[in-house]
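Please study the structure shown below before attempting the exercises. Each exercise is followed by a worked solution.

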Amino acid sequence: MPGRVLRSVCTAALAVLAAVPCAAPAGAEPAPGGDGAPRGVAELLTDLRKLYQQAEEATEAYNATEVKLTAQQAAAKKVGAGLTGAREALVRSRAEAGRLARQQYQGTSELSSYVQLLLSDDPQHALDQKHLMDRAQSDRLSTVARLTNSERRADALAAQSRKALAEQKALAAKQRKQRDTVRTKLTDVEKMLASLSTEQIAAVAEREDADTDKAQDKLITSGALGRAADGTAGLGGSVRAPSAEGGEALAYAVEQIGKPYLWGAEGPDSYDCSGLTSRAWARAGVSVPRTSQEQWAELPRVELSELRPGDLMVYFPKATHVAMYIGDGKVVHAPRPGAYVKVSPIASNPLLGAVRPDPDAGPLDAESYVPPVLPPGAMEGDDTGNSSQTAP
């Protein structure tokens with residue numbers, strides 16, 4: 001879940017509730033605690049964060065299956081093309097074998113000619129024609145070998161094709177199930193937001209802002225992001241420059257600010273969290289894995305004190321959210337369903353660590369590097385709510 005995750009959604013929800021103060025959504029229940037008493041702000045915020053995280057975890061699982069399904073579809077297509085070629089070769093081999101059999105039956109093959117020569121009155125001439133028998137025998141053996149190999153290859157590829165298609169079918173079924181899981185999680189978010197009163201929504205938004213500010217201050221003062229020139233804790237990483245590719249990836253990500261989050265989306269009109277980071281680095285010519293879990297597992301780790309713009313920040317214990325570091329303790333990311341690509345404090349989510357897509361690339365000159373200009377309202381961003389209707 002992104003930092004300040006409820007500020008905009010709460011504004012939208014407040015507007016709706018203010019417009020229709022006495023109307024509760026059909027089937028909506030109040031938000032009591034276990035004993036029937038209203039739940040506290042901390043508990044409400046914890047529940048919402050849990051729901052958002054579950055939705056994002058399900059989204060990344062869906063994305064991972066999408067990657068596997070795409071690869072499996074390509075593999076099945078390749079096997080299918082090979083099977084078609086093998087079957088065509090088998091038809092040709094069978095035709096050749098049939099031709100040879102007909103020639104021998106009709107006595108018109110080179111082998112038959114040799115037999116006739118062998119029975120002739122001139123044995124010496126027959127011996128001189130020994131190459132006829134050698135060639136005929138070689139042709140016969142080659143034809144039989146081609147037929148046998150073609151049959152074996154066609155059978156093997158047919159079995160491989162059946163297996164590839166079965167795996168593709170299983171992945172498609174798995175993806176449909178994961179899609180339904182995401183939709184369910186988003187519906188759960190909608191129901192919980194609908195159950196909150198105007199006062200609860202405002203209180204939750206205020207509490208989340210305070211939690212984010214506290215986490216950000218704690219991270220900065222710890223010195224984890226490096227030390228300032230005077231040796232005090234600060235944003236030491238803010239003065240670093242990205243690599244040329246990192247600068248290009250960051251510029252692309254910043255250009256996407258204001259575009260809507262849509263789970264499973266990779267742009268150019270909408271993104272989910274890993275869709276944004278993978279597409280941004282792809283535009284810079286660097287291929288990175290599609291999902292946040294794969295980015296965390298496969299890309300080289302980097303210490304927070306060594307961060308440079310373009311590095312990827314990974315969040316939550318299961319690596320279910322990812323953002324791109326800008327510098328000055330900020331990241332750009334696609335926060336969650338219903339939100340827009342925006343800039344947030346680096347500590348707006350529980351930080352797992354950082355990875356670098358281009359560890360072997362040197363940085364640009366720090367003095368000449370000019371960070372991308374953020375558009376107005378980049379750290380606010382509007383939110384239209386969390387609708388399961390936006391799911392694929």
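The exercises below concern a predicted model.

**Exercise 1.** Determine whether helix H8 is enclosed or open to the surroundings.

*Solution.*
Step 1. Helix H8 spans residues 273–283.
Step 2. A residue is buried if its relative accessible area is under 20%.
Step 3. The buried residues of H8 include Cys 273, Leu 276, Ala 280 and Trp 281.
Step 4. Eight of the 11 residues in H8 are buried, so the helix is largely enclosed by the rest of the structure.

**Exercise 2.** Explain what the salt bridge between Asp 272 and Arg 290 ties together.

*Solution.*
Step 1. A salt bridge joins the side chains of Asp 272 and Arg 290, at 3.2 Å from N to O.
Step 2. Asp 272 belongs to the loop between H7 and H8, and Arg 290 to the loop between H8 and helix H9 (292–298), so the bridge ties together parts 18 residues apart in sequence.
Step 3. Asp 272 is buried, its relative accessible area being 0%; Arg 290 is buried as well, with 9%.
Step 4. Together with Glu 266, these two residues form a network of salt bridges.

**Exercise 3.** Locate the partners of the salt bridge between Glu 306 and Arg 240, and classify their exposure.

*Solution.*
Step 1. The side chains of Glu 306 and Arg 240 meet at 3.8 Å, N to O.
Step 2. Glu 306 lies in the loop between strands E1 and E2, and Arg 240 in the loop between helices H6 and H7, so the pair links parts 66 residues apart in sequence.
Step 3. Glu 306 is partly exposed, with a relative accessible area of 42%; Arg 240 is also partly exposed, with 26%.

Key: Residues are numbered from 1 along each chain as its sequence is written. This is a predicted model: local features need pLDDT of at least 70, side-chain atom pairs count only at pLDDT 80 or more; totals for chains, interfaces and linings use all residues. Side-chain values use heavy atoms; hydrogens and water are left out. Buried means under 20% relative accessible area, exposed over 50%, partly exposed in between (1.4 Å probe, protein chains only). Helices (H or I, at least four residues) and strands (E, at least two) are DSSP runs, numbered from the N terminus. A salt bridge is a side-chain nitrogen of Lys or Arg within 4 Å of a carboxyl oxygen of Asp or Glu.
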